[in-house]
Amino acid sequence: MLSAIAQRDAMVPQVRLRLLPSARCLFDEPVQVMVDSLRPRQVVTMRAKATDERGVIFRSSAIYRANGSGHIDLKRDPALSGSYVGVEPMGLLWSMKADMPHKYFHWNLALNPHVVKFSVHDGVPEEDEEGGALAEATNERCLIADGVSRVVIREETFSGVLFTPAGQGPFPGVLDLSTFMCEKRASLLANKGFMVLTISVFNDKPASIKHLNLDYFEEAVRFLQQQPKAGGQGIGVLSRSKAGDIGLSLASFTSCVKAVVWINGCSANIAYPLHYKNRQVLSVLGHNLSKVMPTPSGASIVKFGVDDPETEENKGSVVPVEKANAHFLLVASEDDLNWDSKAFMEGIERRLKREGKNNFECVCYPRAGHMLEPPYSPYCHSGLHGILRSPVLWGGEPKAHVDAEVHLWKKVEDFFRTRLTSKL
């Protein structure tokens with residue numbers, strides 16, 4: 001015969017942590033996090049935990065209070081304190097941080113789902129207290145949708161990864177330029193019906209590079225054009241940071257690009273001379289490392305170390321965008337601490353306007369930082385600079401930054417769909 005305590009416990013509903021509409025979704029899709037069967041007004045701690053491809057653990061937590069019916073819905077209920085406050089349906093995801101400073105969440109290979117463990121705990125346990133969860137749920141966030149193919153490309157002139165949607169096509173083609181190799185954006189864009197080839201700007205250690213060849217990137221565009229399922233009215237280029245000036249150069253020196261998304265890039269050629277057809281076409285924008293500002297966190301602000309491209313001595317580094325017939329979506333974050341992307345965007349705008357061109361749209365995000373990613377990635381405020389090889393501040397306020405990512409990702413999709421399927 002059951003004891004009175006055992007009978008009481010048997011009558012208490014089991015706490016449930018639910019992920020809707022499904023515990024498995026695409027990386028850039030929101031998930032609704034709900035908790036049922038808590039005590040009325042019970043205070044609990046919600047946690048999220050994930051490990052990136054390099055084995056670094058990222059965590060977040062927030063304190064919530066259940067309603068009178070013992071329910072919590074992150075779409076409705078505010079976090080009282082923790083990694084974030086207020087109503088943030090995806091806050092547990094984007095607020096995850098590593099235990100060590102200056103860590104970026106590396107999740108680059110499209111075939112591996114990003115796995116996040118959610119848990120709910122009674123009261124406010126210590127941060128390092130493991131176990132004791134009232135309920136748990138695991139969210140698998142996939143970078144590649146069912147039916148999308150992934151093929152590694154190794155040509156004589158370039159290498160990359162090609163993503164092709166399911167079906168016969170034709171599909172509008174996009175070249176995704178990453179400063180260093182990453183499949184995340186390319187696979188997510190392919191899920192939306194684009195054929196996407198991703199290649200990196202740097203295929204060697206930056207210290208060993210003498211110059212970059214625009215021919216390399218042009219060959220990748222030509223390869224994409226020749227794919228049997230490629231269609232649309234031309235090829236688009238998606239670029240961010242150093243890749244931004246490569247995207248502008250492809251549109252300015254070649255005729256193979258119809259649409260360019262430039263995100264927090266530079267209006268001039270950065271880091272290495274740019275060659276095309278066996279001659280130098282752009283010199284390097286100057287820099288002054290004495291203007292780099294150290295901070296107490298150990299990460300530096302490098303924004304002021306880049307010279308002004310508008311000066312006479314730097315004019316040979318400026319990309320002649322006025323020669324381009326492509327359409328541009330120019331995106332700048334006002335709190336970019338890598339460099340002054342807003343000033344660079346305004347410089348591009350002035351050059352185009354002087355030639356009477358209106359083939360561009362400018363988007364500026366206040367309080368967003370340099371590292372604009374597909375939505376729901378852990379927000380990265382500082383990390384290792386790929387060229388300088390030291391920690392830098394990327395900038396941005398978390399809430400404003402992640403809101404910008406959600407808005408921009410849809411903007412990118414709409415821009416390419418319009419410009420690559422229209423005959424205008």
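This section describes aromatic ring pairs, a buried serine and the pairing of strand β5 in a predicted model. Local features were taken from this predicted model at pLDDT of at least 70 and side-chain atom pairs at pLDDT 80 or more, whereas totals for chains, interfaces and linings use all residues. Residues are numbered from 1 along each chain as its sequence is written, and side-chain values rest on heavy atoms, with hydrogens and water left out.

A pair of aromatic rings is described by the distance of the centres and the angle of the planes. Rings of Phe, Tyr and Trp (its six-membered ring) were paired if their centres lie within 6.5 Å; planes under 30 degrees apart count as stacked, over 60 as edge-to-face and the rest as tilted. This rule gives 11 aromatic pairs. In one of them, Phe58 and Phe105 meet edge-to-face, with 4.9 Å from centre to centre and 75° between the planes. Phe58 belongs to strand β5 (residues 57–65), while Phe105 lies in the loop between β8 (97–98) and β9 (114–122), so that 47 residues separate the two partners. Helices (H or I, at least four residues) and strands (E, at least two) are DSSP runs, numbered from the N terminus. Phe58 is buried at 2% relative accessibility, and Phe105 is buried at 3%; buried denotes under 20% relative accessible area, exposed over 50% and partly exposed in between (1.4 Å probe, protein chains only).

The pair of Phe158 and Phe223 is likewise edge-to-face, because the ring centres are 5.4 Å apart and the planes stand at 70°. Phe158 is located in the loop between β11 (149–154) and β12 (159–164) and Phe223 in helix α4 (residues 214–225), so the pair ties together parts 65 residues apart in sequence. Relative accessible area is 4% for Phe158, which is buried, and 13% for Phe223, also buried. Ring pairs join Phe158 and Phe223 with Tyr216 and Phe217 in a cluster.

Ser187, in helix α3 (residues 184–190), is buried with a relative accessible area of 0%. Beyond residues up to four places away in sequence, Ser187 touches Ala110, Leu143 and Phe163 (contact: heavy atoms within 4.5 Å).

Strands were taken to pair if DSSP finds at least two bridges between them. Strand β4 (residues 43–51) and β5 are antiparallel over 9 bridges, with Val43 opposite Arg65 of β5. Their hairpin has 5 residues between the strands, and Gly55 adopts a positive phi near 85° there. Strand β5 also runs antiparallel to β8, through 2 bridges; Arg59 has Lys97 of β8 as its bridge partner. A further 2 bridges join β5 to the antiparallel strand β7 (residues 81–82), where Gly82 stands opposite Ala62.
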